[in-house]
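Hi,

Here is the structure I promised to pass on. Have a look at it first, and then read my notes below.

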Amino acid sequence: MGKEYVEKGSNAGLDWLVRHTKNDPFFVSHALAQYKAICDVDDEHLMGVLGCNRRALIRLALCRLPDDRDPTFRQVVQEIATFVSCNADGLIGVFREAAAFASLREGTGSTSGLLIAARDRNAGETGHRPNRHKTKRPKR
Amino acid sequence: MKDDAWFVEIHERLLGGDPVASSELAEEVWQTLLRSLAEKNPRLRGTEFIEQAVSDALISYIKRPAQYDPQKRGLFGFLLMSAEGDLRNALARAKRRRGREVGFDSVELETGPRNIPIDTIELSEEADAVRRTLNTLFADPKDCVAAALVLDGERSTESYVGIWGLESLPAEEQKREVKRRKDRIKKVLERHGKGIRGKRL
């Protein structure tokens, strides 16, 4: 029996699309995937960080990833958080962590994302932190 | 389904870089596109070809909304047409690959598409560029899809019959009509020159 595509209007089935966008930096799903890899956490943990349910996580993943160097970054994140009903500060923390990781991995010498992530962390902005002893840190 | 005004608005928002428009659009059209494409290709139900094609079409549009011309057709119709094109390209590629793997050409793809890892079907940036070019060369989206298949080396009459909706014609007439239309497309492609010739989708 083939699949039935009947759940119009819900985001059922969109997890398939989310999986296929996680390597695409255009989408938030890319940052979420990076964050999960860096912090070695799963979706459940991420939902705790963001204060949202699975449906919101899928909606979030398919949003456009904002540029953390853009002056309107916080405003855009707030807009996304309002749309998906999640914690905006938690979301900023996730984006900053992912951006910091990307900066390190690219080896561009651009440390703005990393510094901002560190600053956010010191300010306790993210509120809900991942399990630090599980966090993978890049070698210096 | 949302009304036309909603689709016009979501298109404008995507053009403007709205960060949540992509998610809203995906949520609205994903299931409907899957269902529509599966209804048109019942033998592919239960395979990942359908999801892959819809996903490719949707992501391509979300990232480059300017490729859609609202003057030509509705957005949902455009996405469905685009997904159909991606599906046919993926099937043609899979068929060729299978032909190479087993060493003969008469493989019936539809008998076992589940065996083909979907992650081996890659749509490159170049393919997107070619598709955008085709959109400028052919006013009719069906011709765009057919031109993509021509460039991809697809020779099966059935593929073109499906694209142009010629199923009701007698077999001989189908052949003639497909040939006539393919010749017209080839002429346009020839006129366009080397910029597109030899590209593979």
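To start with, in which helix of chain B is K182(B) found? The answer is helix α8. Keep in mind throughout that this is a predicted model.

Now for the bit I liked. K182(B) is a buried residue: its relative accessible area is 14%, which falls below the cut-off of 20% for calling a residue buried. Its C-alpha atom lies 9.0 Å from that of D143(B), although the two residues are 39 apart along the chain.

Both of those residues turn up again in a helix packing. On one side is α6(B), covering residues 141–151, and on the other is α8(B), covering residues 171–192. Their axes are 10 Å apart and meet at an angle of about 75 degrees. Since angles of 65 to 115 degrees count as roughly perpendicular, α6(B) and α8(B) are therefore roughly perpendicular to each other.

If you want to click through the contact, these are the residues to select:

- from α6(B): D143(B), A146(B), A147(B), V150(B) and L151(B)
- from α8(B): K182(B), R184(B), I185(B), K186(B) and L189(B)

Sorted by class, six residues in this contact are nonpolar and four are charged, with no polar ones.

Zooming out to the whole of chain B, you will find eight helices and zero strands, so the pattern along the sequence reads α-α-α-α-α-α-α-α. The chain has 201 residues, and 56% of them are buried. Of the contacts between residues at least 6 apart in sequence, 60% join residues at least 24 apart. The accessible surface of chain B is about 9900 Å², with carbon and sulfur atoms accounting for 48% of that.

One last thing, on the aromatics. How many aromatic pairs does the structure hold over all chains? The count is seven. One of them is the pair of Y61(B) and Y68(B), which is edge-to-face, with 6.2 Å from centre to centre and 85 degrees between the planes. Y61(B) and Y68(B) are both buried. Ring pairs also bring in F78(B), giving a cluster made up of Y61(B), Y68(B) and F78(B).

When you open the file, I would begin at K182(B) in helix α8 of chain B, go across to D143(B), at 9.0 Å between C-alpha atoms, and then turn to the cluster of Y61(B), Y68(B) and F78(B).

Cheers

How values were computed
Residues numbered from 1 in each chain as written. Chains lettered and ligands numbered in written order. Predicted model: local features only at pLDDT ≥ 70, side-chain atom pairs only at ≥ 80, totals over all residues. Heavy atoms only, no water. Axes fitted to C-alpha atoms, helices over the stretch in contact; angles between N-to-C directions. Helix = DSSP H or I, 4+ residues; strand = E, 2+ residues; numbered from the N terminus. Parallel < 35°, antiparallel > 145°, perpendicular 65-115°, else oblique. Contact = heavy atoms within 4.5 Å. Nonpolar A, V, L, I, M, F, W, Y, C, P; charged D, E, K, R; others polar. Buried < 20%, exposed > 50% of the residue type's maximum accessible area, 1.4 Å probe, protein only. Areas by Shrake-Rupley, 256 points an atom, 1.4 Å probe, with all protein chains shown as cover. Phe/Tyr/Trp six-rings, centres within 6.5 Å; stacked < 30°, edge-to-face > 60°.
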